[in-house]
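Biologist: I'm new to this one. Could you show me how to read it, step by step?
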Protein chains: 2
Amino acid sequence: MSKPADTAASRAGLGDSVLTDDLSFLLARANALSLAAGNAALAEHGLRARSYSVLALSATDARPSQRELAEFLRLDPSQVVALVDDLQSRGLVERQPDPADRRANVVVATDAGRALFAAAAETARRSEVGVHADLSADERDQLILLLRRLAFPSD
Amino acid sequence: MSKPADTAASRAGLGDSVLTDDLSFLLARANALSLAAGNAALAEHGLRARSYSVLALSATDARPSQRELAEFLRLDPSQVVALVDDLQSRGLVERQPDPADRRANVVVATDAGRALFAAAAETARRSEVGVHADLSADERDQLILLLRRLAFPSD
DNA sequence: TATTGTTATACTCTATAACTATA
DNA sequence: TATAGTTATAGAGTATAACAATA
C-alpha cells in the first residue's frame with residue numbers, strides 16, 4: 001500500500017497524508033464544510049447556524065434557561081446574551097423570568113419565532129442532505145450515532 | 001418513545017431535542033470539544049491545531065505549496081501566509097521557491113520543525129484518544145471512514 | 001487573462017474577567 | 001458562598017477585495 005489510492009482526499013491536492021487519519025482534522029474540515037453550507041442556506045431567513053440553534057431550542061417545549069442553552073450549545077453564557085438579544089430584538093424569542101429562580105431567564109420562541117423556525121428547519125434539512133450526499137441512509141444514521149457519542153461524552 | 005431516554009445528551013441539560021439528530025450541530029459540538037482538547041494539549045509545544053496541521057504537512061515529503069495547504073486545510077490563502085510566517089519566524093519551516101513555477105512557494109519543515117512535529121504528533125495522538133474514549137477501536141475506525149467521506153466529498 | 005502569494009480590512013467566534021442580583 | 005445573567009475586552013478564526021509578480 002505504498003501507492004496513494006485515488007480517493008477524494010488525494011484528489012484534493014495533498015494525497016493521503018498524516019492528517020487524513022486524524023480525527024480532529026477530519027472533524028474540523030467536515031464541520032467547516034457543513035457550517036459554510038448551513039450559514040449560506042440559513043442566510044435567506046436572516047439566521048446563522050448559531051442563531052438557528054438557539055431558535056430551535058427556544059421553539060420546543062423545553063423552556064431552556066440561558067445557562068442551559070450555553071451548556072448544550074457549548075457556548076459561553078456571554079455569547080448567549082448576544083444571540084438572545086438579537087433574536088429578541090427581531091421579535092422571534094422572549095425572555096421570561098423563571099418563577100422558580102428569579103435569577104434565571106427562560107427563553108421561549110414567539111409565534112413569529114416558531115413560524116420562522118419551521119421554515120428555517122426545512123432549509124437546514126435540505127442543506128444537510130447536500131452535506132451527507134455521498135452517504136447511504138444507513139451510513140448517515142451510523143455517523144450520527146457515533147458523532148452523538150463524541151459530542152456528548154458520558155461524563 | 002415519548003419519554004426521553006437517559007442518554008448523555010439528555011443528561012447534558014436539554015433532553016433529546018431537535019438538534020440531537022442534527023448532523024451540523026453534532027459536528028459543531030464534537031469539533032468544539034476536539035479542538036479545545038487539541039489546542040490545550042498542543043500548547044506545551046507552542047502550537048495550536050492550525051499551526052500543527054501546517055507543520056504536519058510540511059514535515060512530509062509532499063512539499064506542498066501555500067495554495068495546496070490552503071485548499072487541503074480549507075483555509076484562505078491569506079491565512080496560510082500568517083501561519084507560515086509564524087512557523088518560519090520560529091525556524092520550524094522554510095519557504096522554498098518552486099523551480100517549476102516561480103510564483104509558488106513550497107513549504108518544507110526544517111530539522112527543528114520535524115523534531116517538534118514528532119513530539120507534537122505524539123501529544124496530539126494522546127489528546128485524540130481522550131476525544132474518542134467512549135468508542136471501541138472498530139467504532140473509531142468506522143467514524144473516521146465516514147467522516148473522511150464528509151470532509152472530502154467526491155467533487 | 002488567470003494564478004500565487006501578499007496586504008488590508010471587517011466581521012464572527014472564542015475565552016476571560018469582573019460586576020449585579022439573586023440563591 | 002455560589003450561581004444566572006450581563007458587560008467589557010482581547011485574541012483567534014472567517015471572508016473579501018485588491019495588488020504585484022509570474023504563468
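Modeller: Let's start with polar contacts: a polar contact is a pair of N or O atoms within 3.5 Å; within protein, one must be able to donate a hydrogen and the other to accept it, and residues adjacent in sequence count only if both atoms are side-chain atoms. Here, a polar backbone atom of Arg102(A) sits 3.0 Å from a phosphate oxygen of DNA strand C. For Asn105(B), again with a polar backbone atom, the distance to a phosphate oxygen of that strand is 2.8 Å.

Modeller: Before going on, this is a predicted model, where local features need pLDDT of at least 70, side-chain atom pairs count only at pLDDT 80 or more, and totals for chains, interfaces and linings use all residues. Residues are numbered from 1 along each chain as its sequence is written, chains are lettered from A and ligands numbered from 1 in the order in which they are written, and side-chain values use heavy atoms, with hydrogens and water left out.

Biologist: Which residues come nearest to DNA strand C?

Modeller: A residue is near a strand if one of its heavy atoms lies within 4 Å of it. Of the 18 residues around DNA strand C, the nearest are Arg50(A), Asp76(A), Gln66(B), Arg67(B) and Arg103(B). Sugar and phosphate make up 67% of the strand's atoms that come within 4 Å of the protein.

Biologist: And why is the pair of Phe25(A) and Phe72(B) stacked?

Modeller: Rings of Phe, Tyr and Trp (its six-membered ring) pair if their centres lie within 6.5 Å; planes under 30 degrees apart count as stacked, over 60 as edge-to-face and the rest as tilted. With centres 5.3 Å apart and planes at 20°, Phe25(A) and Phe72(B) are therefore stacked. Ring pairs also link these two with Phe152(B) in a cluster.
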